[in-house]
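Colleague: I'm new to this one. Can you walk me through it?
Modeller: Sure, here it is.

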Amino acid sequence: MKTTVSAFLGALALGVSFAGMASAADTSVCLITKTDTNPFFVKMKEGATAKAEELGVTLKAYAGKIDGDSESQVAAIETCIADGAKGILITASDTKGIVPAVQKARDAGLLVIALDTPLEPIDAADSTFATDNLLAGELIGKWAAATLGDKAKDARIAFLNLTPSQPSVDVLRNQGFMKGFGIDVKDINKIGDEDDARIVGHDVTNGNEEGGRAAMENLLQKDPSINVVHTINEPAAAGAYEALKAVGREKDVLLVSVDGGCPGVKNVAEGVIGATSQQYPLAMAALGVEAVKKFADSGEKPKPTEGKTFFDTGVTLVTDKPVSGVESIDTKQGLDKCWG
């Protein structure tokens with residue numbers, strides 16, 4: 001494949017990494033993640049890169065500057081179209097706002113697969129390869145409620161979410177936790193319309209440690225008696241823990257999260273996080289590359305898991321404090337499986 005000078009320079013401006021330049025006969029796949037610093041997306045890129053090398057596929061990886069940087073993702077899609085890529089794997093920062101750019105790629109004949117974060121609507125992409133994020137939230141919600149026992153009815157709960165735009169992954173995990181904990185979610189497609197008195201409030205973290213710390217500090221100012229914290233991911237959980245530690249509350253607050261990365265599982269083992277729902281981004285991205293290759297060779301598009309609107313790549317609760325009625329694995333097993 002011949003890359004134009006303008007497309008190449010544009011790609012450099014986006015921070016793209018090239019796994020070699022493609023020939024006319026090569027299949028080219030674009031991986032577009034929210035950032036290139038979050039360990040989750042680093043692992044996703046690792047899985048895509050290894051599978052691309054195995055299949056003889058050219059992989060080009062792009063990322064936003066921060067979580068929420070949709071403009072860079074739109075620019076990356078434009079570059080992928082111009083380069084003649086066969087498919088795009090994307091974890092969208094703005095799951096609604098990215099749809100016109102995704103449609104442009106599909107109109108140009110590219111297969112577009114959403115990884116981890118479903119677009120809105122979900123059929124805006126050709127397929128979605130993801131954790132069942134609603135189930136991921138539900139698992140940690142059930143665990144938290146069972147761990148508290150009778151005290152759950154008087155819980156003071158803080159929600160550390162992702163971004164103000166409420167991307168689908170944020171909504172699914174948030175609402176899943178509420179379902180698991182026993183909170184009436186009202187509109188399951190929306191964060192913040194609940195009226196349960198146990199909810200102290202919501203703040204956003206941008207999915208990173210600094211954001212988690214700031215959001216936790218804000219919510220503690222609102223209610224210092226918070227004793228349960230739901231976090232969108234493990235970097236946010238790490239920041240929340242530091243904020244709790246600064247006020248001497250780190251040992252009496254139940255902190256739960258979603259990711260199951262190796263650093264996060266270690267934090268579970270060390271008591272920083274009580275339980276986390278483990279995802280498998282390496283497999284998610286590798287399966288995505290396989291699907292694009294199959295599409296390029298045969299025109300066949302991937303099919304969803306039976307009974308679901310997406311291809312389910314699995315989720316497992318990880319904790320060293322198991323509770324009755326909630327299946328889980330311990331941190332030793334979690335470390336063996338982390339992000340595989």
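Colleague: How much space lies in the largest cavity?
Modeller: About 120 Å³. This is a predicted model, where local features need pLDDT of at least 70, side-chain atom pairs count only at pLDDT 80 or more, and totals for chains, interfaces and linings use all residues. Residues are numbered from 1 along each chain as its sequence is written, and side-chain values use heavy atoms, with hydrogens and water left out.

Colleague: What counts as a cavity, and what as a pocket?
Modeller: Both come from a 1 Å grid over the protein atoms alone. A cavity is a set of points where a 1.4 Å probe fits but cannot get out. A pocket is an open set with protein on both sides within 12 Å along at least five of seven lines. Lining residues have an atom within 4 Å of a point. A volume is the space filled by probe spheres set on the points, which are joined across faces, edges and corners.

Colleague: How many cavities of 30 Å³ or more does the search find?
Modeller: One, across the whole structure.

Colleague: Which residues lie nearest the centre of the largest cavity?
Modeller: Lys34, Phe41, Asp116, Arg173 and Asn233, out of 14 that line the cavity. Helix H2 (39-55) and H6 are the elements that give two or more residues to that lining. Helices (H or I, at least four residues) and strands (E, at least two) are DSSP runs, numbered from the N terminus.

Colleague: What classes of residue line the largest cavity?
Modeller: Five nonpolar, four polar and five charged. Here Ala, Val, Leu, Ile, Met, Phe, Trp, Tyr, Cys and Pro count as nonpolar, Asp, Glu, Lys and Arg as charged, and the others, Gly among them, as polar.

Colleague: On to pockets. What volume does the largest pocket have?
Modeller: About 340 Å³. It has 17 lining residues, and the closest to its centre are Pro118, Ile122, Ser168, Leu172 and Asn189.

Colleague: Which helix gives the most to that lining?
Modeller: H6, with three residues. Helix H5 (133-148) and helix H6 (168-181) each supply at least two. By class, the lining of the largest pocket has ten nonpolar, five polar and two charged residues.

Colleague: And what about the second largest pocket?
Modeller: Its volume is about 260 Å³. Of its 16 lining residues, Leu254, Gly271, Ile273, Gly274 and Lys321 are the closest to the centre. H5 and strand E10 (254-259) each supply at least two residues of this lining. The classes are seven nonpolar, four polar and five charged.

Colleague: New topic. How many disulfides does the structure hold?
Modeller: Two. A disulfide here is a pair of cysteine sulfur atoms within 2.5 Å. Cys30 and Cys80 form one, with their sulfur atoms 2.3 Å apart. That link is left-handed, with -120 degrees about the S-S bond.

Colleague: Which parts does the Cys30 and Cys80 pair tie together?
Modeller: Cys30 lies in strand E2 (residues 28-33) and Cys80 in helix H3 (residues 70-83), so the pair ties together parts that are 50 residues apart in sequence. Both Cys30 and Cys80 are buried. Buried means under 20% relative accessible area, exposed over 50%, and partly exposed in between (1.4 Å probe, protein chains only).

Colleague: Which cysteine does Cys262 join?
Modeller: Cys338, at 1.9 Å from S to S. This link is right-handed, with 70 degrees about the S-S bond.

Colleague: Is Cys338 buried or exposed?
Modeller: Cys338 is buried, with a relative accessible area of 10%. Cys262 counts as partly exposed, because its relative accessibility is 27%.
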